[in-house]
Amino acid sequence: MRLPWLLLFLVYLVNTQEGFQVSLQTGSEKSSLSPNSYIEYSAPIPPATTFTACVWFNIHYYSFSSNYIWQYCTLKTDGGIMPICTSFGFKQNLRSSAQDIDMLLTIHGELTKVVVSKEYIYQRTWNHACWIHGKGMEILFSNGNLVATVNSTMEAQNNSPFPAAAEMKDSAFILGQDQGKLRSGFSIRKMFQGSLSELNIWDEELTEDEILNMNKCKAFPKGNIVTWEKGNLKLNEAEFKIVSNKTNFCIKKEFYVFPKKIELKEASDNCVSMGGQVAAPTNEEENIKILELIKEYPECMTNGNSLAWIGVEKKANTATWKQVGRPDNNALFNKLQPDRIKELENDAEDICLAMKSDGSWNIFQDCYSVTNSIP
């Protein structure tokens, strides 16, 4: 049986402070990618040996190689044409079956790689990351989770990430690109494709409570090494966008429609990769909201018995309904009639669900077969 499946996923919002974001390389066509898309931080950079760097970032697409969010490079006064850099970036590990994310923490040209589960970094929704460098340790927080505490390299311990002006003849703090040479040598293979906001760097180690308050959008403090202000940024093939409410980085629940025929496993994987899940209504109001949203897409209304996947399923020989893609989470709402739910307890087949044109739910078996596809 082939199903016209509609893929929906949800993400999460909260409560009003105006701000701004900068967007780089957000076009969908590879032919539109430009190595000249970057932002330079133009304010003076004071010296520091310890720092905390925090940033909000929204990944639109992963680049071919590394993705650099920011990089501070210097040329020493004692000669040399190659810059020595401190930088923060990431790389999607496509060779790993889990497709984890390699976080790239570089101090004075020496790389520390931290492997982070993709559960802690999302695509196409806002992420918050903080990196603490100090006291011989590199500490990384991702979306409020302490994901790594590792020893600093000897190079990082013996050299300042932000040297004094007397120690260098030039420097450049660049957002969105890797500097092969100072302010140049950019490559589309190592650029950041997405949006950035509230990049701030302090000359001290922030506490976990301070970091969690930022992650929960309770505070937006400004750094004293790098301060997120429009006047400090020079844009090149990038754009400013007003953020009417910065607390929206901490997302409320939203539903999105992808009018594409797709089987449930692929639908779930796609949703999780973008920071959400196949939509699982938690009450009748949400169920109606999803139905009304689907009706805005005529191509999804051709099969009244199966408009869209519902993110609720029950595995064979079990009685508990779970959220698709989140096997540890029980479903909070079920549109099936109580007697039908009872009848399906311990059924020998996997059971998955689709929304019908009247808002009720339809039952399907052999849920993860490629022959079952819905937009």
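**Exercise 1. The two faces of strand β2**

Task: In this predicted model, work out which residues of β2 lie on each side and whether the faces of β2 are covered or open.

Solution:
- Start with the general pattern: in a regular strand, side chains alternate between the two faces of the sheet.
- Sort the residues of β2 accordingly: Gly19, Gln21 and Ser23 lie on one side, and Phe20, Val22 and Leu24 on the other.
- Now check burial. The residues of both sets are all buried, and both faces of β2 are covered.
- Finish with the count: 6 of the 6 residues of β2 are buried, so the strand is largely enclosed by the rest of the structure.

**Exercise 2. The partners of β2**

Task: Find which strands pair with β2, and how many bridges join each pair.

Solution:
- Look at β15 to begin with. β2 pairs with β15 in the antiparallel sense, over 5 bridges. Within this pairing, Gly19 has Val243 as its bridge partner.
- Then turn to β13. Here 3 bridges make the connection, and the two strands run antiparallel. Leu24 stands opposite Gly194 of β13.
- As a reminder of what holds such pairs together, strands of a sheet pair through backbone hydrogen bonds.

**Exercise 3. A polar residue in an enclosed strand**

Task: Describe the surroundings of Gln21, and say whether Gln21 is buried or exposed.

Solution:
- Place the residue: Gln21 belongs to strand β2, which covers residues 19–24.
- Apply the cut-off for burial, under 20% relative accessible area. Gln21 has a relative accessible area of 13%, so this residue counts as buried.
- Look for a polar partner. The side chain of Gln21 makes a polar contact with the side chain of Ser195, at 3.4 Å.
- List the neighbours, leaving aside those within four places in sequence. Gln21 is in contact with residues including Trp126, Trp228, Glu239, Phe240 and Lys241. Val243, the bridge partner of Gly19, is also in contact with Gln21.

**Exercise 4. Three disulfides**

Task: How many disulfides does the structure contain, and which parts of the chain does each one link?

Solution:
- A search of the whole structure gives 3 disulfides.
- Take Cys54 and Cys130, joined with an S to S distance of 2.0 Å. This pair links distant parts of the chain, with Cys54 in strand β4, Cys130 in strand β9, and their positions 76 residues apart. The angle about the S-S bond is 115°, and the link is right-handed. As for burial, the relative accessible area is 2% for Cys54 and 1% for Cys130, so both are buried.
- Next come Cys73 and Cys85, with sulfurs 1.9 Å apart. Cys73 lies in strand β5 and Cys85 in strand β6, 12 residues apart. This link is right-handed too, with 110° about the S-S bond. Cys73 is buried at 0% relative accessibility, and Cys85 is buried at 10%.
- The remaining pair is Cys217 and Cys250, with an S to S distance of 2.1 Å. Both sit in loops: Cys217 between α2 and β14, and Cys250 between β15 and β16, 33 residues apart. The value about the S-S bond is 95°, again right-handed. Cys217 is buried at 6% relative accessibility, as is Cys250 at 14%.

**Exercise 5. One face of helix α2**

Task: Which residues of α2 are buried, and what do they pack against?

Solution:
- Pick out the buried residues: Ile211, Leu212, Met214 and Asn215.
- View the helix down its axis. The buried residues of α2 fall within an arc of 155°, so they line one face of the helix.
- The background is simple: an α-helix has 3.6 residues a turn, so residues three or four places apart point the same way.
- Identify the packing partners. The buried residues of α2 pack against β4, β9, β10 and β13. Two of these strands hold the cysteines of a disulfide, Cys54 in β4 and Cys130 in β9.
- Look just past the helix. α2 is followed by Cys217, whose phi is positive, near 60°.

**Exercise 6. An open sheet**

Task: Give the strand order of the sheet of 7 strands, and identify its edge strands.

Solution:
- Write out the order: β8-β7-β6-β5-β12-β3-β14, an open sheet with antiparallel pairing.
- Read off the edges: β8 (110–116) and β14 (233–236) each pair on one side only.
- Add the geometry: from one strand to the next, the twist averages 20°.
- Zoom in on one edge. β3 and β14 pair over 4 bridges in the antiparallel sense, and Tyr38 stands opposite Asn236 of β14.

How values were computed: Residues numbered from 1 in each chain as written. Predicted model: local features only at pLDDT ≥ 70, side-chain atom pairs only at ≥ 80, totals over all residues. Heavy atoms only, no water. Buried < 20%, exposed > 50% of the residue type's maximum accessible area, 1.4 Å probe, protein only. Polar contact = N/O pair within 3.5 Å; in protein donor to acceptor, adjacent residues only side chain to side chain. Contact = heavy atoms within 4.5 Å. Pairing = 2+ DSSP bridges. Axes fitted to C-alpha atoms, helices over the stretch in contact; angles between N-to-C directions. Disulfide = S-S within 2.5 Å. Arc of directions from axis to C-beta.
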